[in-house]
Amino acid sequence: DVHNGEIYALASHPSFDPNVFSGGIPADLWEELLSDPADPLTDKAVTGQYPPGSTFKIAVALAALESGAINANTRIFCPGFYKLGNHTFYCDTHHGSLDVVGAIRESCDVFFYETGQRTGIDVIAKMAHRLGLGQKPGLDLPDVASGLVPTRAWKTQRYRERWQEGETLIASIGQGYDLASPLQLATMAARVANGGFAVTPTLLRAIDDAEKTPPPPAPIGLSPAHLALVQKGMEEVVSDPRGTAHSSQITTPPYSMAGKTGTAQVRRITAEMRREGLSRLKLPWKFRDHALFVGYGPVNKPAYAAAAIVEHGIWGALTAAPLVRGVLLAAMQRDPRLIRTVDAAEREHAKKKAEENGL
């Protein structure tokens, strides 16, 4: 819930049957669970840590807008690659000239390479923290992942090395040292959807039959104009034919979804590998990219946010976005407020049909 942080669904797959532990688990089954490469014993929704990929562009865009590194009129040209010193960083295609809304919609890496370079890693990290990334959520469960959003000081302390400018580019598209859990990504989506309030996820509603009423979330201090630009980009990701998740658009009013796709690289494919015709689909499962999507809905009056990470699912638009679409649509279809809206719309439609037929 984007307004109070209540978690309605929390899932990790593949899982295991907890009943096998009640009477002592057989040794062979225990070994099978331990050795399973899909790691069924881990609750990945809260303890899994993954590169956030292009979903992190939400934080980069807001950091750049809030710091003045870019504005609503800033346009950056994407020729399909970006050069920094002797290194070339690639985009998935030639996007041409884009503003921030278009760059979110089409997930242009070159736009965010340049934007991240203008903004700086420390400014990006501060915004990511405000959105709930890089810090442990205050959730009533053990072993909740804190994720990681790197800074210059962090790298100096961790590796005794200076931060490199190329690392800013990589971090700006959610790669490199960046790590987040599905829960953190859903929290980020909720804070964007609710107008910039620090909603915190919770599973606990009552203690000893007494309702647990958390204090209202505090504002995180985002400009409504800047937030509106990011929200518009996320809406067009789904609603615009050029959007990376247009195939997951919800077309039944009043239900709708905004979101952001992501693909997190697990193993780098070199230029030589590409020349030899090696694609991500031809890689062994464990080396394929992770697929991500974060979203919220309805677009005009957000109520629910969700995130999905499909391990080695390769494409966020094809494997993760449909999962979030299904979850959000199911939640919205069970919302009494939206059901009333649907009923009213159907009654109005029936009335107009009757009038047209002279009834």
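Student: Before we start, which residues count as nonpolar here, and which as charged?
Tutor: Ala, Val, Leu, Ile, Met, Phe, Trp, Tyr, Cys and Pro count as nonpolar, while Asp, Glu, Lys and Arg count as charged. The others, Gly among them, go down as polar. Keep in mind that this is a predicted model.

Student: OK, so how does the lining of the second largest pocket split by class?
Tutor: That lining has 29 nonpolar residues, five polar and four charged.

Student: And which residues sit nearest its centre?
Tutor: Ala9, Leu10, Ala11, Ala307 and Ala308, out of 38 lining residues. The space in that second largest pocket is about 990 Å³.

Student: Which element gives the largest share of the lining?
Tutor: Strand β9, with seven residues. The elements that each supply at least two lining residues are α2 (44–47), α9 (182–193), β9 (304–310) and α12 (316–333).

Student: Switching to helices. Why is α3 largely enclosed by the rest of the structure?
Tutor: Helix α3 covers residues 57–67, and nine of those 11 residues are buried, so the rest of the structure largely encloses it.

Student: Which ones are buried?
Tutor: Lys57, Ile58, Ala59, Val60, Ala61, Leu62, Ala63, Ala64 and Leu65. Just after α3 comes Gly68, which takes a positive phi of about 85 degrees.

Student: Salt bridges next. How many are there?
Tutor: The count comes to 12. One of them joins the side chains of Glu106 and Arg105, at 2.6 Å from N to O.

Student: Are Glu106 and Arg105 buried or exposed?
Tutor: Both are buried. They also belong to a network of salt bridges that links Arg105, Glu106, Lys232 and Glu236.

Student: What about a salt bridge inside a helix, where does Glu114 find Arg118?
Tutor: Both lie in α5 (residues 109–119), four residues apart, which is about one turn of the helix. Their side chains meet at 2.8 Å, N to O. Glu114 has a relative accessible area of 19% and is buried, whereas Arg118 is partly exposed at 41%.

Student: 19% sounds borderline. Why does Glu114 still count as buried?
Tutor: Because buried means under 20% relative accessible area, and Glu114 has 19%. Asp240 is buried too, at 14%, and its side chain meets that of Arg242 in a salt bridge of 3.0 Å, N to O.

Student: New topic: how many aromatic pairs?
Tutor: There are 10 aromatic pairs. Tyr82 and Tyr113 make a tilted one, 5.9 Å centre to centre with 50 degrees between the planes. Tyr82 is in strand β2 (residues 81–84) and Tyr113 in helix α5, so this pair ties together parts that are 31 residues apart in sequence. Both tyrosines, Tyr82 and Tyr113, are buried.

Student: And why is the pair of Trp163 and Tyr177 tilted?
Tutor: Their planes are at 45 degrees, with the ring centres 6.1 Å apart, so the pair counts as tilted. It links distant parts of the chain, 14 residues apart: Trp163 is in the loop between α7 (152–159) and α8 (165–172), and Tyr177 is in the loop between α8 and α9. Trp163 is buried at 5%, but Tyr177 is partly exposed at 23%.

Student: Which residues make up the cluster they belong to?
Tutor: Ring pairs link Trp154, Tyr159, Trp163 and Tyr177. Arg158 lies over the face of Tyr159, 4.7 Å from the ring centre.

Student: Last one: where is Asp92?
Tutor: In the loop between β3 (87–90) and β4 (96–98). Asp92 is exposed, at 61% relative accessibility.

Key: Residues are numbered from 1 along each chain as its sequence is written. This is a predicted model: local features need pLDDT of at least 70, side-chain atom pairs count only at pLDDT 80 or more; totals for chains, interfaces and linings use all residues. Side-chain values use heavy atoms; hydrogens and water are left out. Buried means under 20% relative accessible area, exposed over 50%, partly exposed in between (1.4 Å probe, protein chains only). On a 1 Å grid over the protein atoms alone, a cavity is a set of points where a 1.4 Å probe fits but cannot get out, and a pocket is an open set with protein on both sides within 12 Å along at least five of seven lines; lining residues have an atom within 4 Å of a point. Grid points are joined across faces, edges and corners, and a volume is the space filled by probe spheres set on the points. A salt bridge is a side-chain nitrogen of Lys or Arg within 4 Å of a carboxyl oxygen of Asp or Glu. Rings of Phe, Tyr and Trp (its six-membered ring) pair if their centres lie within 6.5 Å; planes under 30 degrees apart count as stacked, over 60 as edge-to-face and the rest as tilted. A charge sits over a ring if NZ of Lys or CZ of Arg is within 6 Å of the ring centre and within 35 degrees of the ring normal.
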